[in-house]
Amino acid sequence: MKKFLVLWSVLVLTSSNLIAHDMFLKLRSYIVEPNTKVTVALYNGTFDKSENIITRDRMIDVSVVGPTNQRNQLNKNQWRDGWYESLLDLDLKSSGTHVIGVSTETRIIELSAEDFNGYLKHDGILDVLEARKKSGEINQPARELYSKHVKTVIQRGSKRTESFNTNLGYPIEIILSHNPYKLKKGDELGFQVLRDSKPVTNQLVYASYSGFHEHADEGTHVEAVTIRTNSKGFGKIKLSENGEWYLRVIQMVKSDKEGIDYESNWATFTFQIQ
């Protein structure tokens, strides 16, 4: 019985780690009064739950962009550990809109064909899954080189400023077309997806908000919005609810690197509608 329980626990943890890929920057509130200190949490898991702390050696950039578009690159050792998330305490002295960004180094994951296909389906990397079917590679295992690049936007005080659309130069990045703190429920938020600062066309983009929970018949997660970028990498979503929102992108391509089958770059952008 004990052996069965141990094996079951290992299988559950393996499954959890397989699907817990997304990374988000989250706050208790993204809209704060002047003279208020904030704590930014770095989640590695789902939008609702972080599965593990991100070690400092994985962080290759931590940046704060203030209302005047001045970029400050922080020492990654300013982070501290929570229970299952990494925490960054900030004192945003200037009133206005602030952008926080974190970029991680590349890592390699190797999966069986079944696990890789399941992960593609669960995380919505459907173009790659379809390409594997068409090319006859659906039964092939995969080695993937991946990295994650996440941003959030914080509003301090009533002054809305233009730093919301800062390009941090990450390998893949979501650039907002509108300051979300000038928008309200029912408005549309535009954005652009860039890969190496070039527009990514026909890219699947997912968006959702806190409290939205739906699942497809086969059990995979469903998000509130699914769209594709246009020929210039732009897209827009309707902000159907108040609260905490995210945009999510996984751009995966076949790799020409030796020993690597696919390369992927992950991006999220979090904000609040009030």
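Colleague: What makes the approach of serine 163 to threonine 97 a polar contact?
Modeller: This is a predicted model, and the distance decides. The serine 163 side chain comes to 2.5 Å from the backbone oxygen of threonine 97. The limit for such a pair is 3.5 Å, so the contact counts.

Colleague: Where does serine 163 sit, and is the residue buried or exposed?
Modeller: Serine 163 is in the loop between strand 10 (142-156) and strand 11 (172-176). Its relative accessible area is 0%. Buried means under 20%, so the label follows.

Colleague: Which residues does serine 163 touch, leaving out those up to four places away in sequence?
Modeller: The list is Val65, Gly66, Pro67, Asn69, Thr97, His98 and Val99.

Colleague: Why is arginine 228 called partly exposed?
Modeller: Arginine 228 has a relative accessible area of 35%. Buried ends at 20% and exposed starts over 50%, so a value in between is partly exposed. The residue belongs to strand 17 (residues 225-228).

Colleague: What polar partners does the side chain of arginine 228 have?
Modeller: One is the side chain of aspartate 127, at 2.8 Å. Another is the backbone oxygen of asparagine 202, which lies 2.9 Å from a polar atom of the arginine side chain. Both distances fall within 3.5 Å, so both pass. Arginine 228 also touches Gln203, Leu204 and Phe234, among others.

Colleague: How do you know that glutamine 203 is buried?
Modeller: The relative accessible area of glutamine 203 is 9%. That is under 20%, so buried is the right word. Glutamine 203 lies in the loop between strand 13 (198-199) and strand 14 (204-209).

Colleague: What does the side chain of glutamine 203 pair with?
Modeller: A polar atom of that side chain lies 3.1 Å from the backbone oxygen of isoleucine 250. The contacts of glutamine 203 include Ile227, Arg228, Val249 and Gln251.

Colleague: Why is the pair aspartate 22 and arginine 248 called a salt bridge?
Modeller: Their closest N and O atoms are 3.8 Å apart. The cut-off is 4 Å, so the pair qualifies. Aspartate 22 is in strand 1 (residues 22-26) and arginine 248 in strand 19 (residues 243-254), so the bridge ties together parts 226 residues apart in sequence. Both residues are buried.

Colleague: What makes aspartate 81 and arginine 56 a salt bridge?
Modeller: Their side chains meet at 2.6 Å, N to O. That is within 4 Å, so the pair counts. Aspartate 81 lies in strand 6 (residues 80-81), arginine 56 in the loop between strand 3 (37-45) and strand 4 (59-65), so parts 25 residues apart in sequence are tied together.

Colleague: Which labels do aspartate 81 and arginine 56 get for burial?
Modeller: Aspartate 81, at 47%, is partly exposed. Arginine 56, at 17%, counts as buried. The 20% line falls between the two values, so the labels differ.

Colleague: How do you know that lysine 257 bridges to glutamate 263?
Modeller: The closest N and O atoms are 3.1 Å apart, and the limit is 4 Å. Lysine 257 is partly exposed at 42%. Glutamate 263 is buried at 16%.

Colleague: Which residues are joined by salt bridges that share partners?
Modeller: Asp22, Glu223 and Arg248 form one such network. The structure holds 17 salt bridges.

Colleague: What is notable about the phi of asparagine 35?
Modeller: Phi is near 65 degrees, a positive value in a residue other than glycine. Asparagine 35 sits in the loop between strand 2 (31-32) and strand 3. At 72% relative accessibility, the residue passes the 50% mark, so exposed is the label.

Colleague: What is the phi of aspartate 196?
Modeller: About 55 degrees, positive although aspartate 196 is not a glycine. The residue is in the loop between strand 12 (188-195) and strand 13.

Colleague: How much space lies in the second largest pocket, and which strand gives the most to its lining?
Modeller: The space is about 310 Å³. Strand 3 gives the most, with five residues. The lining has six nonpolar, two polar and four charged residues. Among them are Lys26, Arg28, Lys37, Tyr43 and Glu85.

Definitions and conventions. Residues numbered from 1 in each chain as written. Predicted model: local features only at pLDDT ≥ 70, side-chain atom pairs only at ≥ 80, totals over all residues. Heavy atoms only, no water. Helix = DSSP H or I, 4+ residues; strand = E, 2+ residues; numbered from the N terminus. Buried < 20%, exposed > 50% of the residue type's maximum accessible area, 1.4 Å probe, protein only. Contact = heavy atoms within 4.5 Å. Polar contact = N/O pair within 3.5 Å; in protein donor to acceptor, adjacent residues only side chain to side chain. 1 Å grid on protein atoms, 1.4 Å probe; cavity = no way out; pocket = protein on both sides within 12 Å on 5 of 7 lines; lining within 4 Å. Points joined across faces, edges and corners; volume = space filled by probe spheres on them. Nonpolar A, V, L, I, M, F, W, Y, C, P; charged D, E, K, R; others polar.
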